[in-house]
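Hi everyone, thanks for coming. Let me put the structure up, and then I'll walk you through a few spots I'd like you to look at.

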Amino acid sequence: MSEKTSGKTTGKQNERGPLFMPLILVGGLIFGFGLGFSQMAKPEVVLQFLQFDDFGLLFVMGGAAVVTGTTFAVATRLSGNAPLTGKAYTRRLKSFDKNVLVGGGIFGIGWGISGICPGAAYASVGLGNYLILFGIGGMFLGAYLQGLWRKHRTDATSPTTSAD
Amino acid sequence: MALSLLQSALMPALTFAELFPNGVSHYAIGGVFIGLGVAVIYLGTGIIAGASTFLETTLSYVSGVPRFQKGKYVASRDWRVVFTLGIIGGAAIYQVIFHGEIWTTDVEWWRLLSGGVLVGIGTRIGKGCTSGHGVCGVGSASFTSIVNVATFMTVAIGTAQLIQAMGMGISP
């Protein structure tokens with residue numbers, strides 16, 4: 001239960017090579033193509049999974065996690081750092097606390113109502129699904145409300161300690 | 001005799017067809033592409049790209065709320081915008097190649113909006129979303145992520161089943 005937050009940069013931010021942004025774009029294109037191909041960019045398909053009409057979505061997350069799991073496992077055993085940033089290869093480990101459960105629960109209600117999650121919603125725009133902008137607008141509103149609430153709580157309880 | 005043999009041979013296929021009425025290949029292949037997108041960025045940069053942090057880092061362009069002005073958010077917001085534009089572009093490429101016309105959802109606007117608000121709150125409190133926890137975290141064998149995924153899966157299934165029981169389900 002004491003997993004540390006990973007992803008600390010070992011170097012400065014401006015160590016990025018010239019191919020940094022092009023690579024991010026290519027990665028995003030492949031990621032978005034996958035969300036389109038897997039049908040997960042369609043809220044209907046997600047809701048049909050949650051209603052037990054079609055369990056195919058298990059293969060989407062499973063297929064993706066096998067690829068990332070293999071990649072992380074191999075890369076973290078390499079001695080070198082990432083070529084474009086000098087960052088060390090780490091796993092995605094976040095600390096566990098009750099927020100993980102509370103946040104997961106709230107996310108679950110929202111996902112169950114709408115069938116949308118962030119990545120799939122962006123991809124849905126690419127399908128031409130302009131109606132998804134209601135969902136993306138909602139997500140921005142939710143993230144903003146959460147930020148405001150955190151500020152309020154931090155101000156109210158301990159103005160000297162910073163959040164996180 | 002022959003009939004029961006035939007039946008027992010067909011039973012798994014029938015069950016499979018019931019569980020996966022649309023097959024599994026496009027789901028699995030799409031999932032592999034999603035994983036490859038994360039892997040390409042990771043191998044080049046060491047960055048594990050989740051999709052939901054785009055929301056609060058993008059808010060840092062327009063809001064002074066300290067939550068959004070944290071150094072690590074401001075430092076990553078530019079590439080997160082590029083990543084998100086890539087996601088939109090990749091899905092557009094899929095749609096143009098395989099369908100050639102736009103697709104729009106039948107899910108009602110109020111469900112998208114209210115669900116979106118809860119998703120926005122939940123991913124930020126819970127430290128990640130379906131790609132962050134569900135793909136990258138699970139791929140990292142992270143206890144935190146596995147618990148988060150189990151939580152949101154269970155709650156989402158319960159919510160969707162409840163809505164369906166109220167007669168507002170989405171029919172295939």
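Before the first spot, a quick word on axes: these are lines fitted to C-alpha atoms, for helices over the stretch in contact, and angles run from 0 to 180 degrees between N-to-C directions. Helices (H or I, at least four residues) and strands (E, at least two) are DSSP runs, numbered from the N terminus.

Some housekeeping as well. This is a predicted model, where local features need pLDDT of at least 70, side-chain atom pairs count only at pLDDT 80 or more, and totals for chains, interfaces and linings use all residues. Residues are numbered from 1 along each chain as its sequence is written, chains are lettered from A and ligands numbered from 1 in the order in which they are written, and side-chain values use heavy atoms, with hydrogens and water left out.

Let's begin with chain A. It has 6 helices and 0 strands. Of its 164 residues, 51% count as buried, meaning under 20% relative accessible area, with exposed over 50% and partly exposed in between (1.4 Å probe, protein chains only).

Now, how do H5 of chain A and H4 of chain B pack? Their angle is about 50° and their axes are 7 Å apart; H5(A) covers residues 118-126 and H4(B) covers residues 71-98. That makes the pair oblique, the class left over once under 35 degrees is called roughly parallel, over 145 roughly antiparallel and 65 to 115 roughly perpendicular.

On the chain A side, the residues that meet H4(B) are A:Gly119, A:Tyr122, A:Ala123, A:Val125 and A:Gly126. Their partners in H4(B) include B:Ile87, B:Ile88 and B:Ala91. Contact here means heavy atoms within 4.5 Å. The residues of this contact divide into 7 nonpolar, 4 polar and no charged; Ala, Val, Leu, Ile, Met, Phe, Trp, Tyr, Cys and Pro count as nonpolar, Asp, Glu, Lys and Arg as charged, and the others, Gly among them, as polar.

Next, please find H5 of chain B, residues 109-125. Is H5(B) mostly covered or mostly open? Mostly covered: 12 of its 17 residues are buried, including B:Arg111, B:Gly120 and B:Arg124. Those buried residues pack against H2, H4, H5 and H6 of chain A, together with H3 and H7 of chain B. After H5(B) comes B:Lys127, with a positive phi near 70°.

Last stop: B:Thr151, in H7 of chain B. It counts as buried because its relative accessibility is 16%. Across in chain A, B:Thr151 touches A:Leu101, A:Gly104 and A:Gly105, leaving aside residues up to four places away in sequence.

How values were computed
The expected span of a helix is 1.5 Å times one less than its number of residues.
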